[in-house]
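I opened this one to look at surface patches, ring pairs and cysteines. My entries follow in the order in which I looked things up.

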Amino acid sequence: MAAGIFFQFAGKLTPLGLLLVGALALFNYYFLTDERFKPARYKASAADVHLRGINEMVGFIAPGFRFTRSAPQLDALVAKSRLFENFKKIEFVREYGCIAGRMGAADVAIVLTRAGYYREVTETIGNRKVKRKVEEICFDGYLVLADFPRKFDGWVTLAPDHIESRLGWLATEWRELRDQFAVRLENQDFEREFVVRASDPVVAHYVLSASTIEDVLNLKRRLGERAMMGAFFESTLMLAIPEAGTKFALNGDEPTAWLASCEEDAFRLQSMLRVLADMKVGETIWRPEERAG
Amino acid sequence: MSIWFMIAGAVAVLGFVVIYNSLVGRKNDVETCWGAIDAYFQKRSDLIPNLVSAVKTYMTHEKDLLEKIVQLRERASRSPHTPEESSNWDGQTSQLLKTIMVRAEAYPELKANQNFLHLQSSLNEVEEQLSAARRAYNSSVTSYNNGVEMIPYNIVAGIMGYKRKAVLTVSEAQKEVPNLDRLFGDRAG
């Protein structure tokens, strides 16, 4: 608008006019759009609008589900699940958002999580050597938590198998020799994709029925190369789906990019909920009083 | 030269120990899995008297069926449970239980009985656990059989006298789907 007024008076575009247009653009960029110069009231309302936007989308995909920035603390649950036990030491688990709701009789929570460990590095500053801890992220993505429709004692974990596809039966033999918890299942495709560990092989077969195996394989196909993991413990299903994308993050500087990423987030959320529905997480096959006992 | 012989001997002994331990581990896995199946058989057998007492007042026309399942349970509790022997009566018991559940559909009062509903869900649960235990057993037997037949495991297995084990197969009785027309045809007629 300011440029329009300028041309109205100047009549033609002179070098001075161009300079003034540039100055106006710069002013506009720094003082009108930069987050630092926006009043707190505007920022609060932007976050509120963003939250409402996400909730509109979540509610459209999964009626009854809501997104919140506050998420449950998962440290204890992750430790109990043994989800990351097989590949890295986990020292911190951070949650920064949660989509929660009910699916039939089950509570479902999709928690945006980052987990990792601390690594000590030594830096040379002048003549001094300074040690400091840096964060190494092992997992960044969604942790899907739901009531699993089977009641069992023990635990089962699924981790990606990077060795068997290369070494074949040698990898299986080696695993059987050194890992007392390794379990083999009858589905060859599943065996190639995942390492299954369980407190008891019968529990593993009970939890991973033929239909559940197919569901997990379908989810893996949808995710492509991403290394999905899973854990089943105390009637709880925990799926870890790595995702380095925006994950419902607020990007005030790039609202159009955020809108585009919303579409992807919606697709991922839809896929995850479809898998949970396939696994019949909302249907308990035991009575509530039995579970409480 | 003698050093090479000693190294070769040490490698052979180490290899033998590793293979021996692996085979013993696999054999023990098979036995553990069979133990789990046996425990579930027992659990199912324990539910049968309760089921019979719950349904007998309603299912007066199914006296033969109930007597048959009680006899089968008694026979099963008397005989030793080996994988080879169990297949037959396990299949028959499963089939009879399935038939009772299907016939119960014709008795609305029985279907509304809380005790029966609880027993029904317990039996379903045990059947699922039993099915998982059978799959775990078959998986451990396959691993054991691979060990017994693959080179160089088969050499050690031969020395230890280990032989192939049979996997559990679904009996003809279990494969059979209850014939609803036959079950309810008589009553309708």
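I went first to the nonpolar surface patch formed by B:Val13, B:Phe16, B:Val17, B:Tyr20, B:Ile155 and B:Ile159. Together these residues have about 570 Å² of accessible area. I note that the model is predicted.

Which helices of chain B each supply at least two residues of the patch? I found helix 1 (2-55) and helix 6 (153-160). Helix 1 gives the largest share, four residues.

I checked one patch member more closely. B:Tyr20 sits in helix 1 of chain B. Its relative accessibility is 36%, so I logged B:Tyr20 as partly exposed.

Next I looked at chain B as a whole. I listed eight helices and zero strands. From the N terminus the order reads α-α-α-α-α-α-α-α. Of its 189 residues, 42% count as buried. Chain B exposes about 10700 Å², and carbon and sulfur atoms supply 59% of that area. I also looked up contacts in chain B with a separation of 6 or more: residues 24 or more positions apart account for 80% of them.

Then I turned to the rings. How many aromatic pairs does a search of the whole structure find? I got seven over all chains. In one of them, A:Phe92 and A:Tyr118, the ring centres are 5.1 Å apart and the planes stand at 45 degrees, so I recorded the pair as tilted. A:Phe92 belongs to strand 2 (residues 92-103) of chain A and A:Tyr118 to strand 3 (residues 106-125), so the pair ties together parts 26 residues apart in sequence. Are these two rings buried or exposed? A:Phe92 is buried at 5% relative accessibility. A:Tyr118 is partly exposed at 32%.

I then took B:Tyr144 and B:Tyr162. Their ring centres lie 5.9 Å apart with planes at 40 degrees, so this pair is tilted. B:Tyr144 is in helix 5 (residues 114-149) of chain B, and B:Tyr162 is in the loop between helix 6 and helix 7 (172-175), so the pair links parts 18 residues apart in sequence. B:Tyr144 is buried at 2% relative accessibility. B:Tyr162 counts as buried at 16%, because the cut-off for buried is under 20%.

I also noted one aromatic cluster, made of B:Trp34, B:Phe41 and B:Tyr137.

Last, I checked the cysteines. The disulfide count is zero over all chains, with a cut-off of 2.5 Å between cysteine sulfur atoms. I looked up the cover of two cysteines. A:Cys98 is buried at 5% relative accessibility. B:Cys33 is buried at 2%.

Methods
Residues are numbered from 1 along each chain as its sequence is written. Chains are lettered from A and ligands numbered from 1 in the order in which they are written. This is a predicted model: local features need pLDDT of at least 70, side-chain atom pairs count only at pLDDT 80 or more; totals for chains, interfaces and linings use all residues. Side-chain values use heavy atoms; hydrogens and water are left out. Buried means under 20% relative accessible area, exposed over 50%, partly exposed in between (1.4 Å probe, protein chains only). Contact means heavy atoms within 4.5 Å. Accessible areas come from the Shrake-Rupley method with a 1.4 Å probe; for residues, only the protein chains shown count as cover. Patches are made of residues with over 30% relative accessible area and no salt bridge: like charges are joined within 9 Å, nonpolar side chains (Val, Leu, Ile, Met, Phe, Trp, Tyr) within 5 Å. A salt bridge is a side-chain nitrogen of Lys or Arg within 4 Å of a carboxyl oxygen of Asp or Glu. Rings of Phe, Tyr and Trp (its six-membered ring) pair if their centres lie within 6.5 Å; planes under 30 degrees apart count as stacked, over 60 as edge-to-face and the rest as tilted.
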